[in-house]
Amino acid sequence: MKGHYKLALTALLILLAVLPVQSFAKDMVAKEPPKSLDKLYPPVNKEQKWVQQMHKISGHFGGVFVDMGEQDWENAEKHAARFVESYKEAADMVPEWKDYFDHESARKFAEEVKTRDAARIGKAAGPVGKTCGKCHDDQYLSVWTRYHWPSADKIAITDPVDEKELKYGKYMSLLSGAFKGVTVNFGEGQYDRAKKALGGFKKRFMELKSVCSKCHTGDAVKQFYVGEASAQAFDGMEAELNSPKPNPGNFWKHVGTLGYEGCKKCHLTHRAYAIVQEIWEEKEEARK
Ligand code: HEC
Ligand code: HEC
Ligand code: HEC
């Protein structure tokens with residue numbers, strides 16, 4: 001009984017040690033994923049074939065250790081053999097990535113499973129686990145940017161002030177200019193102009209609510225960025241501009257809230273991927 005428990009623990013520890021953890025290399029380069037990945041993801045493929053393959057190899061790799069902990073050696077060996085196969089399949093799916101794979105280490109690992117010696121199995125698993133981690137470090141972000149993050153580039157917004165339709169990025173520039181119309185005039189003590197600019201800016205900002213549904217199915221997300229905190233900041237700015245003697249301290253506090261809760265927080269979640277996509281897009285244009 002005691003031996004069993006120790007082996008299970010050893011198996012778990014080995015698995016944790018060799019499992020691909022995100023240990024980012026010193027320089028992070030977000031290269032475009034290779035073309036042959038296109039056929040393994042929507043819209044070209046109905047399914048996310050690469051992700052499915054990853055589940056397959058990681059299920060068999062992990063399966064070895066689960067069974068080893070249970071001393072179910074028969075199944076451990078089955079998983080080891082299937083791991084080698086599925087690891088090969090993965091390599092064949094994306095020829096551009098073939099150098100990430102180390103089939104000799106995979107084969108050796110499967111051989112060592114037959115010895116039923118936990119220490120040897122653990123040692124042989126190390127080099128294989130490293131190949132997972134190396135590719136993940138290099139490629140995760142790129143793959144997420146290309147295949148999981150919807151492109152803002154295809155989204156258009158109708159400006160509620162001019163009624164013109166603009167691309168997302170252009171609309172953002174307009175929004176940013178409208179915001180400055182408010183803050184610059186306020187800074188100059190031109191409160192009437194600031195008040196007039198605030199009306200248009202608020203309309204344009206709140207119009208962003210119409211854009212969430214291009215990517216989100218539920219309305220719950222609208223509590224963020226375009227929700228209560230931003231609405232209150234607008235109320236606060238309006239109240240100052242409607243008072244006979246606006247209080248700059250209060251006004252700037254509300255500006256700061258809007259800039260952070262309304263603009264910055266959305267940028268931190270939504271703009272990071274868009275920045276990488278945009279750079280790839282520009283590279284593509286330059287190639288043409
Ligand atoms: C040649 C590159 C490469 C190699 C080698 C590789 N992976 Fe991956 N793996 C990826 C990429 C890219 C993703 C992200 C896929 C996505 O989210 O669309 C991923 C995702 C995963 C996932 C998460 C799947 C999900 O549902 O999000 C697991 C688990 C995984 N890999 C396990 C492994 C294991 C275990 C190994 C080694 C035995 C391995 N991978 C080797 C590229 C690789
Ligand atoms: C270009 C597509 C796109 C647009 C437009 C967009 N989002 Fe998102 N947003 C995403 C993606 C992708 C995620 C990541 C998780 C997911 O898919 O829900 C996300 C995540 C979020 C999250 C984190 C919680 C969650 O559901 O994962 C919030 C909150 C959010 N968005 C709010 C908004 C709001 C509010 C708007 C409109 C003002 C908006 N988003 C517009 C693509 C978009
Ligand atoms: C719903 C999320 C969201 C909110 C809220 C938001 N932005 Fe953006 N912003 C984005 C995204 C996404 C991009 C990238 C668009 C693209 O590249 O097509 C962007 C890009 C920008 C850009 C760069 C435009 C360019 O030339 O490419 C500026 C400037 C900007 N935003 C200002 C603001 C300001 C100021 C606010 C607040 C008053 C704000 N944004 C609120 C999502 C948001």
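The predicted model holds 10 helices and 2 strands. Following the sequence, these elements run α-α-α-α-α-β-β-α-α-α-α-α, with the two strands coming after five helices and ahead of another five.

The chain splits into two domains, with domain 1 covering 2–148 and domain 2 covering 152–287. Their centres, taken over C-alpha atoms, sit 44 Å apart. As for overall dimensions, the C-alpha trace stretches over about 85 × 55 × 35 Å along its principal axes. The radius of gyration comes out at 27 Å, whereas a compact globule of 288 residues would be expected to have one near 19 Å. Burial fits into the picture as follows: 21% of the 288 residues count as buried. Turning to contacts, those between residues at least 6 apart in sequence were sorted by separation, and 61% of them link residues at least 24 apart.

Then there is the ligand. Ligand 1 has 20 residues around it, and the ones that come nearest are Met54, Ser58, Tyr100, Cys132 and Cys135. Two elements each give two or more residues to this shell, namely helix H2 (49–69) and helix H5 (118–148). Of these, H5 is the top contributor, supplying 10 residues. In terms of chemistry, the surroundings of ligand 1 comprise 16 nonpolar and 4 polar residues, and no charged residue takes part in the shell.

Conventions:
Residues are numbered from 1 along each chain as its sequence is written. Chains are lettered from A and ligands numbered from 1 in the order in which they are written. This is a predicted model: local features need pLDDT of at least 70, side-chain atom pairs count only at pLDDT 80 or more; totals for chains, interfaces and linings use all residues. A residue is near a molecule or strand if its C-beta atom, placed from the backbone, lies within 6 Å of it. Helices (H or I, at least four residues) and strands (E, at least two) are DSSP runs, numbered from the N terminus. Ala, Val, Leu, Ile, Met, Phe, Trp, Tyr, Cys and Pro count as nonpolar, Asp, Glu, Lys and Arg as charged, and the others, Gly among them, as polar. Domain bounds come from an automatic or database domain assignment. The radius of gyration is taken over C-alpha atoms; the globule rule is 2.2 Å times the number of residues to the power 0.38. A residue is buried if 20 or more other C-beta atoms lie within 10 Å of its own, exposed if 12 or fewer, and partly exposed in between; C-beta atoms are placed from the backbone. Two residues are in contact if their C-beta atoms, placed from the backbone, lie within 7 Å.
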